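The following exercises practise the reading of strands, cavities and aromatic rings in a protein model. Each task is followed by a worked solution.

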Amino acid sequence: MILLLSGCNKDKKEDLFEYVDVSRSNITFSNTIIQYDSINPADCLNCFNGGGVGIGDFNNDGLPDIIFSGNQVSSKIYLNRGSLQFEDVSETSNFLPKGWITGISIVDINSDGLDDIYLNVGGLHCDGECKNLLYVNNGVNDNGIPTFTESAEEYGLDDGLFSQQSVFFDYDNDGDLDVYIVHNSNRAFFNRNMAVMKDFWPEYLADFLLRNDSVEGVDHPVFTNVSKELNITRKGLGLGIGITDFNNDNLVDIYISNDFITEDDLYINKAHKDSLEPKFIESNKQYLQHQTINGMGMDIADINNDGLPDVMVLDMIPKDYKSQKRMMSSMKYNGYLNTLNNGYTSQYMHNTLQFSNGMLDGNPIKSSEVAFLLGISNTGWSWGPLMVDFDNDGDKDIYICNGFIKDLIDLDFINFSTGKSKYFTPSDEKLKEFLGNLPSIVLPNSIYEQKDEYTFDDVSVKWIEDQPSLSNGVAYADFDLDGDLDIVINNINSEAFLIENKTTEKLNNHYLRLQLKGQAKNSKAIGAKITIWSKGNEQHQFQSVIRGYMSSMEPIIHFGVKTNTIDSLRIIWPGGKISKLKNVKADQVIEIDYASAGNPTEKKLDEKKLFSLNEEVLNFSHQENFYNEYLRQPLLIRQYSQKGPCIASANIDGFPGDEIFIGGSFKKPGQIWVQNDKGVYYPKQALDSIYEDTDAIFFDVDNDSDLDLYVSSGGNEFNENSPYYKDRLYLNDGKGSFSKVKNILPESFQSTGCIRPIDIDHDNDMDLF
């Protein structure tokens, strides 16, 4: 009886995913990497970053097919034969790329209605010889197999630097697809975590933006490098890229996640054809408070359904406490300050999820970084994140690939390899021997189910069998056409994973899938923005197939919904035209054609705000003294001496309007500010300057019907029991002037954090907490 009840109460979402056995799928691809003298993590760090996955319908039979990129092994193409069975047609298709293939982009490059394949190429030495590859689809042969012709040089796409990933999109709204190429390198130049002046980074780390041009007498596009003229000049060790419209101006912007100290780039697009100054503006500091330092793969999606694009970037912090301590070195705060002094953004070693806060008066409100809050900050050595709705419940979940071939972040190895031993510096031979003995970081991949905006549950073990791997590229598609998203993963040194999603079978949720038919030269409508409304809830998607890590998704827009009807649907197409549908039935794939779109109707929103900024009323700029608390107390989790000024306000002189006290930092006096007859504040009285003012309150301490001032002293820069920690009390003369009184407060030489007045004993005078 107990067993029966237990079975009845089993969570329907248990085992929501199942690995498809290779005997059924026929997918035998393994990205096998054999280490030898020159191919090792010491000489070729990026040689172990794995390969990607690409999804396309190469024979136009309505079933999504799969591309795997191989490093030392040849890349492969698998045709979908239905029922999660696939056929390797690489040889027949003439898809036999040579080289260290990294990222995959699926695009109809010549607008003939056939999916083509663009491959990025890296390798040990890339001084112009690591040529990217373009496989143009010729259509199917007599046996229904697509064949390909390699044509990168003819199209101007044979970039020979170490390239990681590419994304095709229409940056100038001229109707055709341009391409951004992300670069990295295996060359040894200097310590990649050294915050050198940005101009010193080598030129080959600059990314490329290529414009799609028509050339007379050529029946296909030819791409022209316009990077410098469009201000694409920043240099970085790029690993991931995503596109979206950050500022809602209907132009496609770019986000690049960069490894090591090279900070992420966020390019805001001002390069449309009608612009007076067409270029991209790098704006990461305007949009972000801080970033991930070792930016791996990334994804952009509206994960909290507020209509704004959110950005997730992965790092390599382990989940478990022991592993974290084995790889964490001592704090290097001075090094951090050096990065800021050299113009870098604040960067920290953990996953980041940036909740966008939108725009105000045309300027971005900096994002809120919430990875720690949501419990997704440390997932191991992580690569590809995907933020999509796997369980069709109307919100987006997160899938993350993990693993690395050698544990290079082990602190013992780091100290050994950098010559920090007291006794000897290791030779190259000894270092490689040590490397060979390092364990791999073999981890199960992670899945997080979204419960609400601020709650994500780790369902990695609940939803699927625990299977450790060295996983890199990951892509989703509805391979079996049942209305939920299946997953395919490229693994190092083991067969690829094909994972079947059982949501449609196990749950009572619904879906809506949209196949967009864009303009002729942008047939997948890359850059379209889609919103659906259902029972008071809304969801948003941005059309881009390049997501996660080195991978290209299926082009069909997928929404999970809990109702069987969608109230309304809106598409903003590239260029600004709009399509609207109402009362759309769920559980179907519908095709929507750009040809049916109409011009937008102008609607002026009420821009009246509750508050307005008046900088003329108070001309004040706080000056903080510098003090590095970590030198004396390296285990502090934060500093306490540079928190900025405390503020208190009250009517202290009997005249209409409040006066303001603004606290000072050490050696800077706090000041009383009063208003003139025009309502403008000016400093009337300066108080003590030998303290770090941490809080202040106005209250009537002596029951004389005027407000006195209590100022607390704190921080952490003085010695224990220092007189500089003594709080102060200033009495009001009834006219708004203050004098410090002695021998009223008890002797206390401790750092004060806050003060609050309350009549705790109900004796008609104010006590202090």
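**Exercise 1. Determine how strand β47 pairs with strand β48, and place both in their sheet.**

Step 1. Strand β47 covers residues 708-713 and strand β48 covers residues 728-732; the two run antiparallel and are joined by 3 bridges. Strands are DSSP runs (E, at least two residues), numbered from the N terminus, and two strands pair if DSSP finds at least two bridges between them.

Step 2. Within this pairing, L709 stands opposite Y730 in β48.

Step 3. The open sheet has 4 strands in the order β46-β47-β48-β49, with antiparallel pairing. Its edge strands, β46 (693-699) and β49 (738-741), each pair on one side only. From one strand to the next the twist averages 25 degrees, where axes are lines fitted to C-alpha atoms and angles run from 0 to 180 degrees between N-to-C directions.

The model is predicted: local features need pLDDT of at least 70, side-chain atom pairs count only at pLDDT 80 or more, and totals for chains, interfaces and linings use all residues. Residues are numbered from 1 along each chain as its sequence is written, and side-chain values use heavy atoms, with hydrogens and water left out.

**Exercise 2. Describe the sheet that contains β6, and name the residue opposite S105.**

Step 1. The order of this open sheet of 4 strands is β6-β7-β8-β9, with antiparallel pairing. The edge strands are β6 and β9 (146-150), and each pairs on one side only.

Step 2. β6 pairs with strand β7 (residues 116-122) in the antiparallel sense over 6 bridges. Opposite S105 stands Y118 in β7.

**Exercise 3. Characterise the largest cavity by its volume, its lining and the domains involved.**

Step 1. The count comes to 5 cavities of 30 Å³ or more. On a 1 Å grid over the protein atoms alone, a cavity is a set of points where a 1.4 Å probe fits but cannot get out, and lining residues have an atom within 4 Å of a point. Grid points are joined across faces, edges and corners, and a volume is the space filled by probe spheres set on the points.

Step 2. The largest cavity has a volume of about 200 Å³. Its lining has 19 residues, of which I106, V107, K524, I526 and V545 lie nearest the centre.

Step 3. Two elements, β6 (100-107) and β10 (163-169), give two or more residues to this lining; the largest share, 3 residues, comes from β6.

Step 4. The lining divides into 11 nonpolar, 4 polar and 4 charged residues. Here Ala, Val, Leu, Ile, Met, Phe, Trp, Tyr, Cys and Pro count as nonpolar, Asp, Glu, Lys and Arg as charged, and the others, Gly among them, as polar.

Step 5. At least three lining residues come from each of domain 1 (17-405 + 440-506) and domain 2 (510-596), with bounds from an automatic or database domain assignment.

**Exercise 4. Classify the ring pair of F17 and F390, and explain which parts the pair ties together.**

Step 1. The structure holds 30 aromatic pairs. Rings of Phe, Tyr and Trp (its six-membered ring) pair if their centres lie within 6.5 Å; planes under 30 degrees apart count as stacked, over 60 as edge-to-face and the rest as tilted.

Step 2. The centres of the F17 and F390 rings are 5.7 Å apart and the planes stand at 80 degrees, so the pair is edge-to-face.

Step 3. F17 lies in strand β1 (residues 17-19), whereas F390 lies in the loop between β26 (382-388) and β27 (397-402); the pair therefore ties together parts that are 373 residues apart in sequence.

Terms used:
1 Å grid on protein atoms, 1.4 Å probe; cavity = no way out; pocket = protein on both sides within 12 Å on 5 of 7 lines; lining within 4 Å.
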